[in-house]
Amino acid sequence: MAVDGIGGSSSTGGTTEVDVVDPDKVGFNGLTAESFMKLLITELQNQDPTEPLGNEQLLAQISSMRELQSNIELSDTLKAITTGQSLTQAAALIGKEVEGQEGQQNPVTGVVDRAFVRDGKSYVGVGAFELPVSAISSVQEPATVE
């Protein structure tokens with residue numbers, strides 16, 4: 001099989017260039033079922049006619065692609081669930097008084113007024129401060145003034 005690169009679809013000098021990735025994704029995350037079919041067709045077009053690809057090899061490749069696609073989808077789903085749980089945990093702290101460390105030397109104490117997720121990590125807002133949930137050392141009900 002002769003596949004020179006990844007980019008547009010063109011044919012030059014007996015080698016084929018195949019567009020196989022989503023430009024927004026990298027590595028295996030960029031592969032799609034359509035990408036696999038293009039690779040498979042290119043492989044079949046460029047195989048040695050004296051030693052064609054056997055049915056077992058073809059089925060093994062198709063099975064591998066389906067397994068890879070399932071793993072990618074499962075991974076994406078688990079990330080979404082984890083992010084949702086993390087946000088739920090942070091949101092449960094709204095209205096609570098927390099203590100924690102922002103950065104290396106900045107202690108923060110106050111009532112949580114917002115919760116959000118940034119780069120897959122959950123944070124709570126305490127006034128002007130953004131405190132990672134993992135940096136919270138204590139949580140309590142706010143003191144009431146009578």
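## Two three-stranded sheets in a predicted model

Read along the sequence, the elements of the protein follow the pattern β-β-β-α-α-β-β-β-β-β-β, which comes to two helices and nine strands, where helices (H or I, at least four residues) and strands (E, at least two) are DSSP runs numbered from the N terminus. The structure is a predicted model, in which local features need pLDDT of at least 70 and side-chain atom pairs count only at pLDDT 80 or more, while totals for chains, interfaces and linings use all residues. Residues are numbered from 1 along each chain as its sequence is written, and side-chain values use heavy atoms, with hydrogens and water left out.

The average pLDDT of the protein, the predictor's confidence in each residue on a scale from 0 to 100, is 78, and 75% of the residues score at least 70. Over residues 1–16 pLDDT stays under 50, and for this stretch the model has 31 contacts (heavy atoms within 4.5 Å) beyond four places in sequence.

Two strands count as paired if DSSP finds at least two bridges between them. Strands of a sheet pair through backbone hydrogen bonds, either parallel or antiparallel. One open sheet has three strands in the order β5-β4-β9 with antiparallel pairing. Because β5 (106–111) and β9 (136–140) stand at its edges with a single partner strand each, one side of each is left without a neighbour in the sheet. Another open sheet, also antiparallel, is formed by three strands in the order β6-β7-β8, and its edge strands, β6 (114–118) and β8 (129–132), each pair on one side only. From one strand to the next, the twist in this sheet averages 35°, with angles running from 0 to 180 degrees between the N-to-C directions of lines fitted to C-alpha atoms, for helices over the stretch in contact. Helix α2 (residues 55–91) packs on the sheet β6-β7-β8, touching β6 and β7, and its direction makes about 155° with that of β6.

The table sets out one antiparallel pairing from each sheet.

| Strand | Partner | Bridges |
|---|---|---|
| β4 (residues 97–102) | β9 | four bridges |
| β7 (residues 121–126) | β8 | four bridges |

Within these strands, Gly100 stands opposite Ile136 in β9, and Gly125 stands opposite Glu130 in β8.

For the protein of 146 residues, 23% count as buried, meaning under 20% relative accessible area, with exposed over 50% and partly exposed in between (1.4 Å probe, protein chains only).
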